[in-house]
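Colleague: I am new to this structure and would be grateful for a guided reading of it. May I put some questions to you?

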Amino acid sequence: MKGVETGSPRAPGRLGGRGAVVDSLLKYYIQWLLVAALVVLAALNANFRQPRNLENILLQSSFAGIGAAGMTLLIVAGAFDLSVAGILGVCGVVMATLVAGANTLLGILAALVVGAGLGIVNGFVVTKLRIPAFIATLGMMNVYLGIGFIWTNGQVVSVAKPAQVTLGTGVVSAANPVLLTLGTGTLFGILPVPFLVMAVVYGLCYLFLRRTHYGRFLRAVGSSELAARAVGIPVARVRIVAFVMVAVCTAIAAVLLTGELSSANAIMATGYELNVIAIVVVGGTSLQGGQGTLLGSFTGALFFAVISNALNIFGVGAYWQYVVSGVLLISAIAVQAVRSFVFTVE
Amino acid sequence: MKPIDRSDPVGRRRRTATSLRVLQFSESIGVTVLLILVVIAASVTARGFFTYTNITNTVIIASITAVTGFGMTFAIAMGGFDLSVGSVQSMAAITAAALLSGTNVPLAIAGALIVGLAIGLTNGLIISKLRVSPFVATFGMMSIIRGAALLVTRGQSVLITNQPAFAALNNGKMLWIPVPFIIVLVVFAVLYGVLRHTPFGRHVCALGGNRKAAIASGLRIDRITIAVFGMVGLTAGVSGVMLSSQLLIVDGTLGTGFELQTIAISVLGGTSLAGGSGNLVGTLIASLLIATISSALNILKVAAFYQYLYLGLLLVLALYLDTLRRDILAASILNTGNGA
């Protein structure tokens with residue numbers, strides 16, 4: 001970091017022992033940041049160290065973290081999706097309606113299918129109507145919010161059948177045992193189910209990105225669309241696949257979040273797009289496209305959960321989270337930009 | 001490709017310029033025709049639409065959007081955009097309301113405008129000096145200012161009471177014309193002059209049209225960027241003042257989705273997202289169009305939810321038309337500007 005800030009023309013990698021440390025700090029800066037935050041907070045606050053709190057952090061990291069896995073793939077392919085909050089709302093209310101009216105499995109399947117469908121719509125609008133991704137998905141965000149509101153008439157939809165609505169910790173399992181396990185269950189009493197799902201999603205995305213030819217196509221399209229087109233990669237189809245990946249990941253998050261809350265509404269995920277993109281960017285994925293790090297996004301999700309948990313523990317209001325997310329997003333990009341500028345000058 | 005074109009490069013260029021001007025003119029015509037059709041349809045179907053009160057209200061709503069739309073048009077002409085305008089509008093409205101209780105009307109207005117300008121200049125500095133893309137910088141700023149607005153109000157509403165002079169900014173009339181619309185016309189006149197008749201306006205378009213050429217020809221792009229984003233912030237501040245004088249009760253959640261509306265009216269009005277030109281007349285007419293549709297839907301008692309749907313679809317449609325227009329433009333330049 002020091003070499004970067006002073007604008008030193010030396011490459012950090014060529015300095016022997018000290019260079020290796022700097023190199024590792026640069027390459028794994030988000031991992032080091034997470035470790036540092038954990039150590040400092042654990043030392044400062046006894047409540048933070050409680051297993052119960054750590055479990056809570058893992059749970060909180062998973063909802064935005066799962067969306068960030070898909071978003072990493074899409075940003076690698078050179079696009080964004082600002083409509084994820086709308087997709088999450090629509091998937092959530094569709095699922096809640098079906099779970100309450102029909103059965104649980106059907107509800108979950110429907111959420112995933114609807115998610116994939118909305119991903120195809122986004123991909124179509126961006127690639128076939130050739131509208132820049134950020135503004136097209138900003139428009140689609142409104143469309144999905146509208147659909148979510150119209151579907152629910154602006155109400156909250158409970159996943160419980162009307163006769164089963166019972167609140168309070170004692171009898172809440174009567175609401176829907178399967179969904180409740182998905183949303184709030186734990187393995188060995190410390191690993192929340194959503195976190196396990198997140199780990200699996202990241203594993204699958206990693207395999208997709210690194211081990212399939214579509215993964216290579218994603219990177220090729222993201223780094224140079226012209227070159228990708230020239231070598232015969234179906235650019236539009238690859239982008240659409242990337243939009244579907246984001247939307248399906250978001251749908252998975254919708255299933256888990258609806259399970260945790262036992263209900264859903266159209267605006268259940270306001271600000272989700274900011275959280276997700278901030279996680280990906282702070283994790284170290286470049287907005288230029290072509291390359292990305294799923295490990296970084298995974299760590300980024302944990303990092304944001306730790307920060308927001310710390311803000312809660314120290315009694316700083318929820319409104320600060322907007323400020324912190326925004327500042328982290330801008331500074332991460334500024335550091336990237338300055339770093340790449342320094343390296344280019346070399 | 002007629003053979004006569006080859007021997008007459010000046011005439012050819014003149015014809016290209018003329019056809020571009022015709023194209024730009026026809027863009028305003030298109031949205032104007034749409035506006036007239038919507039007004040006629042609304043007058044026929046929605047009882048109570050074509051009344052003085054309702055038309056005044058519609059014009060006031062359009063004015064509040066249009067002012068920031070003008071700033072956004074500059075940003076888009078420069079090849080950028082600003083996602084933070086909604087938060088800035090809210091922050092400016094809160095500032096005006098808070099200052100009104102302790103000071104007087106001119107100070108409250110000045111305070112709100114300074115807040116808007118300062119946030120806009122900060123955006124410009126982050127974009128030009130830290131080399132952060134407009135998307136990330138203003139996206140992050142949107143979140144920061146939203147948080148700040150909620151923090152300073154502690155999530156509560158701020159009331160404006162007993163301020164007839166301030167309220168007159170909204171409900172006052174000059175010769176039957178509502179004051180907000182007069183504000184819009186003044187801002188429009190100033191910005192139109194800046195865009196069309198000053199070096200600065202040409203530089204903004206040059207920067208949006210071809211960034212590398214603009215840098216190579218020695219334009220101070222950092223200054224231009226900072227000035228344009230400062231201007232967007234200032235116009236968002238003006239609309240914040242107008243909004244607070246309309247509502248007389250403000251909070252930190254105002255202005256959600258405002259960025260979408262202002263980008264939509266700019267693009268709908270004929271300013272291409274590709275950058276390089278701005279159509280302020282189109283922005284003004286498109287703001288009236290969107291406000292008219294909203295007003296008609298309200299009178300027809302269509303649930304507010306549907307307005308999200310229609311605004312989103314309208315934006316996508318406008319953007320698709322923009323794509324088609326760029327195709328036509330590219331084709332016409334290929335045909336007439338060959339070798340020029």
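Colleague: How many residues of chain B are in contact with chain A?

Modeller: This is a predicted model, in which local features need pLDDT of at least 70, side-chain atom pairs count only at pLDDT 80 or more, and totals for chains, interfaces and linings use all residues. Residues are numbered from 1 along each chain as its sequence is written, while chains are lettered from A and ligands numbered from 1 in the order in which they are written. Two residues are in contact if their C-beta atoms, placed from the backbone, lie within 7 Å. On that basis, 34 residues of chain A are met by a number of chain B residues that is 34.

Colleague: Which element gives the largest share of the side of chain B that touches chain A?

Modeller: Helices here are DSSP runs (H or I, at least four residues), and strands are runs of E with at least two, numbered from the N terminus. Two or more residues each come from α6 (134-153), α12 (258-268) and α14 (305-336) of chain B. The largest share, 13 residues, is that of α6(B).

Colleague: How is helix α4 of chain B oriented to α12(B)?

Modeller: Axes are lines fitted to C-alpha atoms, for helices over the stretch in contact, and angles run from 0 to 180 degrees between N-to-C directions. Helix α4(B) (residues 85-102) packs on α12(B) at about 120°, with the axes 6 Å apart. Angles under 35 degrees count as roughly parallel, over 145 as roughly antiparallel, 65 to 115 as roughly perpendicular and the rest as oblique. Therefore α4(B) is, relative to α12(B), oblique.

Colleague: Is A:L294 buried or exposed?

Modeller: A residue is buried if 20 or more other C-beta atoms lie within 10 Å of its own, exposed if 12 or fewer, and partly exposed in between, with C-beta atoms placed from the backbone. A:L294 lies in helix α15 (residues 294-313) of chain A. Leaving aside neighbours within four places in sequence, its contacts include A:A69, A:Y202 and A:L209. Because 23 other C-beta atoms lie within 10 Å, A:L294 is buried.

Colleague: What distance separates the end C-alpha atoms of helix α11 of chain B?

Modeller: The expected span of a helix is 1.5 Å times one less than its number of residues. Helix α11(B) (residues 221-247) is mostly covered, with 21 of its 27 residues buried. At 1.5 Å a residue, its 27 residues should span 39 Å, which agrees with the distance between its end C-alpha atoms, 39 Å.
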